[in-house]
Amino acid sequence: MSLSRRELLTATTATAVSVSAATASTVPATPAEPAASADRRGPRVRTGFERLAADGYALLHGRRVGVVTNPTGVTRELRHIVDVMHADHRVDLVAVFGPEHGFRGTAQAGGSEGRYDDPATGLPVYDTYGKSGQPLADVFTASGVDTVVFDIQDVGARFYTYIWTMYDCMEAARLAGKRFMVLDRPNPVTGRSAQGPVLHKEFASFVGRQPVSQAHGMTVAELARLFNGEFLSTPVALETVLMTGWRRSDFYDASGLPWVPPSPNMPTPGTALVYSGTCLFEGTSLSEGRGTTHPFELLGAEGIDGRWAAAAERLGLPGVHFREAYFVPTFDKFQGRTVGGVQIHVHDRAAYDPVRTGIALLVTARKVWSGFAWRPDDWIDKLTGSTRVRTMIDAGATADEIVVTWQDELSAFRRIREEYLVYG
């Protein structure tokens, strides 16, 4: 028996700190809430939502609130924040806005849930996917909200679409005269550094609206500050509620928070660790592991054998080993067919560079497999932010020769990024 989307949903029923834009404010960690040591017992990281709730939702007092969220918007007890706020008389929650994959998460990549009333709460759910600018502003206006709250777990890669959902919602909130609040969550792959090429504006799309590096090393609240200060034509009235207990060097497993897959093909924090490099295989004829239990960790195609893993292993890339692997995707590329390739095994997360590794895997795949091809629409250019990676690989360049070409633009982005970082 199969269930419709609607049936499935029914069944599963402060201290102010100034920032670059004058209209923005941040609720930071206070001196009474220091970052915890690694061996401290109990919850380590308190999310933006936890701090908002602990303060009795004071920042939302007297406001008509709408929430942009998905299944990751949960408490540490795994209750969804929409359900929590809806049940609390102190919050006037009037609408929910669903991104790609939907508010409750029933849609696959490239899909959404549409407009419906949430069976669990009765709240109207509006679809934001594929909307931006004035059409999205009109959705906010029609919903009757005066404050749009964003709470979605990001994974640290420029082409993960939720950060651009946030960007589009910030711009739409500005157009509609609404306030915008971001409830912060950890970057699961740390916030130590920005890595990879920076998007060139002519390649802007929903997998990259603005010049940000491929692995940005920021939290969503920091990104919101960056977007407001650098990229929006006029700043939105922005508030950010920061975490306590999170440090830039922390991987997700140090947070003490449960992991909820932000999308169907992001099952674990380990997936996020490799994603900013291996998602590039979406732009090729090879499988990026969709339809397997290890998406973005398994890569391959029909006709590839152990030579690819051997070639990648010989490079001696830091923090990672490559295993010859065979798998049968249950959907997407090579559905139901046995393909050969590699499985990525990260053994030193601190040393591992996902972007350099992804480029090296593209270079070696092209050398060992005659069937290597780019997607006909040159999707790789959207993912990398320019034609450079594609044309240099086609010309026979090595991974190191490619990586060196984006260092100047990366350094410039790092200088801008530094102004908007709020965690140590």
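**Notebook: charges, rings and a sheet**

I began at a ring face: Arg349 lies over Phe251, 4.1 Å from the ring centre. For a charge over a ring I took NZ of Lys or CZ of Arg within 6 Å of the ring centre and within 35 degrees of the ring normal. I found Arg115 too, its charged end over the ring of Tyr126 at 4.9 Å from the centre.

A note on the source: this is a predicted model, in which local features need pLDDT of at least 70 and side-chain atom pairs count only at pLDDT 80 or more, while totals for chains, interfaces and linings use all residues. Residues are numbered from 1 along each chain as its sequence is written, and side-chain values use heavy atoms, with hydrogens and water left out.

**Salt bridges**

Next I looked up charge pairs, taking a salt bridge as a side-chain nitrogen of Lys or Arg within 4 Å of a carboxyl oxygen of Asp or Glu. Searching the whole structure gave me 26 salt bridges.

I went to Glu222 and Arg248, whose closest N and O atoms are 2.7 Å apart. Glu222 is in helix H6 (residues 220-231) and Arg248 in the loop between strand E10 (237-241) and helix H7 (269-278), so this salt bridge ties together parts 26 residues apart in sequence. Helices here (H or I, at least four residues) and strands (E, at least two) are DSSP runs, numbered from the N terminus. I checked exposure, and both Glu222 and Arg248 are buried. My cut-offs were under 20% relative accessible area for buried, over 50% for exposed and partly exposed in between, with a 1.4 Å probe and protein chains only.

Arg349 came up again, in a salt bridge with Asp253 at 3.0 Å between the closest N and O atoms. Asp253 sits in the loop between E10 and H7, and Arg349 in the loop between strand E13 (339-346) and helix H9 (354-368), so the two tie together parts 96 residues apart in sequence. Asp253 is exposed at 57% relative accessible area, and Arg349 is partly exposed at 34%.

**Aromatic rings**

Which rings pair up, and how many pairs are there? I counted 16 aromatic pairs. Rings of Phe, Tyr and Trp (its six-membered ring) pair if their centres lie within 6.5 Å, with planes under 30 degrees apart stacked, over 60 edge-to-face and the rest tilted.

I looked at Tyr275 and Phe296: ring centres 4.9 Å apart and planes at 90°, so the pair is edge-to-face. Tyr275 is in helix H7 and Phe296 in the loop between H7 and strand E11 (298-301), so the pair ties together parts 21 residues apart in sequence. Tyr275 and Phe296 are both buried. I then found that these two join Phe159, Tyr160 and Tyr162 in one aromatic cluster.

**The sheet**

Last, I traced an open sheet of eight strands with mixed pairing, in the order E1-E10-E7-E6-E2-E3-E5-E4. Strand E1 (25-27) and strand E4 (116-117) are at the edges with a single partner strand each, so one side of each has no neighbour in the sheet. Two strands pair if DSSP finds at least two bridges between them. Strand E7 (residues 179-183) runs parallel to E10, joined by five bridges, and I noted Leu183 opposite Val241 in E10.
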